[in-house]
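Here is a short note for your first look at this model. Please keep the structure open while you read the points.

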Amino acid sequence: MKKKITIAGNGFASLFFIMYFLDSPVFPFFAWCFRRMYSRYDMTVIGNGAFVYFPAIPEFLTHKRNTQCITVDIRSFLGRRNIRLIEDRIIDVQDGGRTVVTEHGRYANDALFLGIGPSFRKDDLPGTREYTYSPCYGPDDMARFTSRLESLDQGIVYIGYKINKKDGFVAGRTGPMYECACLLDAALKKRGARDRFEIHFFSPNRTPGEKGALTDRLRERGIIMDDGYLPAAFVEGGMVDHDGTFRKADLVLYSPEITGAPFLRQSCLPVSAGGHIDVDRYGQVRGLHNVFAAGDCASHEAPPPWVPHQAHMAQLRAQAAAQNLKAALKNKSPTHRYRHELSCILDMDNDAMWMHIAEDDRPPFWNLFPRRSKHLIQVKALFERLFLFYLRYL
Ligand SMILES: Cc1cc2nc3c(=O)[nH]c(=O)nc-3n(C[C@H](O)[C@H](O)[C@H](O)COP(=O)(O)OP(=O)(O)OC[C@H]3O[C@@H](n4cnc5c(N)ncnc54)[C@H](O)[C@@H]3O)c2cc1C
């Protein structure tokens, strides 16, 4: 009997999991035929079938990207691998992980991988849903923000973030918000309108007067630093402070704290203090048999305080989970741990920086690339093109 493997979600973590789980991750041309004959597993993905390349969303501001070019219909990617797609939304996980409940059905499995991504605490601050936009909610929300921006001839724009630190790591989108601030500056300069806009950068997680390379890049661009600031509420036309003072803001781009999906708490999955699926260093969901999780939905075991939720981390974690699940299916103990590493290229349109911290001090790509150069924008675009090409054609 083929083992039934269910993969929840079709974002970075799940697709990297598939890539590392299959013996031959690349299936050009007629290879699906070969896979049909030799497949050892009966694999199913439950998700919406549309992959979104989130790291390119900030470039909506400079019109270098749009929804269409960063979204991939993954049905043929899955078809080439003989993986079934169930277009549905998971609402519960039961029986120690052996049953996945969706809006329209129930699916049994022998092994489960969860890559269902983040949830955002939109109800943490009143008015977040109604009066703020966010690149974190996906391309549609970012497209709405850019079109609102273009309807303004002058104004005040606030960009900010808040981190959930309850699990001891950075459960928040910091890098993309710095990137959005720099790209907003670039977009307004291109329009010849920069002097008619005030850009503020705020976060309760920044200490007043904070220094560093990211702060320098924002200051160079005339962005006003509201370090330590968080409003009491977002309201029509601005924000209200804790002392009742009104601050005018024509537009707010805000990334709330990241946590796990709301349904986790009523499911059989263990939940961390910060609301993530509780996993160990091998990607195993604690206390459950043959259940693994990776990416933004999962917590870390003993993380360094700087490690963020990233596509890059989702890849490292999914790789370990795939290798450990293969071992588990052969009744072997897990041996593959993942490294903690922060690595991303910050695109500022006329400049770029490679932000990098690794727990073993390993540099990115054997130090082949400079840490600061406008050419890094092309390197970042190359990673994107390669990954999207892989999903579309291989
Ligand atoms: C604006 C922005 C810029 C970024 N820039 C970078 C960068 O430069 N470098 C970097 O490494 N990372 C970056 N990131 C972070 C990166 O995109 C995430 O860490 C990554 O997407 C996490 O992968 P994931 O698979 O866990 O979640 P996702 O990619 O969000 O995928 C989750 C999947 O689960 C599905 N799903 C969710 N709930 C359910 C459900 N109930 N049932 C079924 N399916 C479900 C979703 O539809 C989706 O397919 C950025 C993020 C943003 C928002």
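The points below go from the ligand to the two sheets and the helices.

1. Ground rules. Residues are numbered from 1 along each chain as its sequence is written. This is a predicted model, in which local features need pLDDT of at least 70, side-chain atom pairs count only at pLDDT 80 or more, and totals for chains, interfaces and linings use all residues.

2. Ligand shell. The ligand has 33 residues around it. A residue is near a molecule if its C-beta atom, placed from the backbone, lies within 6 Å of it. The closest are Gly9, Gly11, Phe54, Gly117 and Gly295.

3. Chemistry of the shell. The shell holds 18 nonpolar, 12 polar and 3 charged residues. Here Ala, Val, Leu, Ile, Met, Phe, Trp, Tyr, Cys and Pro count as nonpolar; Asp, Glu, Lys and Arg count as charged; the others, Gly among them, count as polar.

4. Where does the ligand lie? The ligand lies between domain 1 (3-118 + 260-343 + 383-393) and domain 2 (121-258), because both give residues to its shell. The domain bounds come from an automatic or database domain assignment.

5. Elements at the ligand. At least two shell residues come from each of α1 (12-21), β2 (41-47) and α8 (311-329). Helices (H or I, at least four residues) and strands (E, at least two) are DSSP runs, numbered from the N terminus.

6. The sheet of 5 strands. This open sheet has the order β5-β2-β1-β9-β19, with parallel pairing. Two strands pair if DSSP finds at least two bridges between them. The edges are β5 (84-87) and β19 (291-293); each has a single partner strand, so one side of each is left without a neighbour in the sheet. From one strand to the next, the twist averages 20°. Strand β9 (residues 111-114) is joined to β19 by 3 bridges. Leucine 114 has alanine 293 in β19 as its bridge partner.

7. Helices on that sheet. α1 packs on the sheet and touches β1 (3-8), β2 and β9. Its direction makes about 150° with that of β1. α8 lies across β1, β9 and β19, at about 170° to β9. Contact means C-beta atoms, placed from the backbone, within 7 Å. Axes are lines fitted to C-alpha atoms, for helices over the stretch in contact; angles run from 0 to 180 degrees between N-to-C directions.

8. The sheet of 3 strands. This open sheet runs β14-β15-β16, with antiparallel pairing. Its edge strands, β14 (233-235) and β16 (246-248), each pair on one side only. The twist averages 25° from one strand to the next. Strand β15 (residues 238-240) is joined to β16 by 3 bridges. Valine 240 has phenylalanine 246 in β16 as its bridge partner.

Methods. Contact = placed C-beta atoms within 7 Å.
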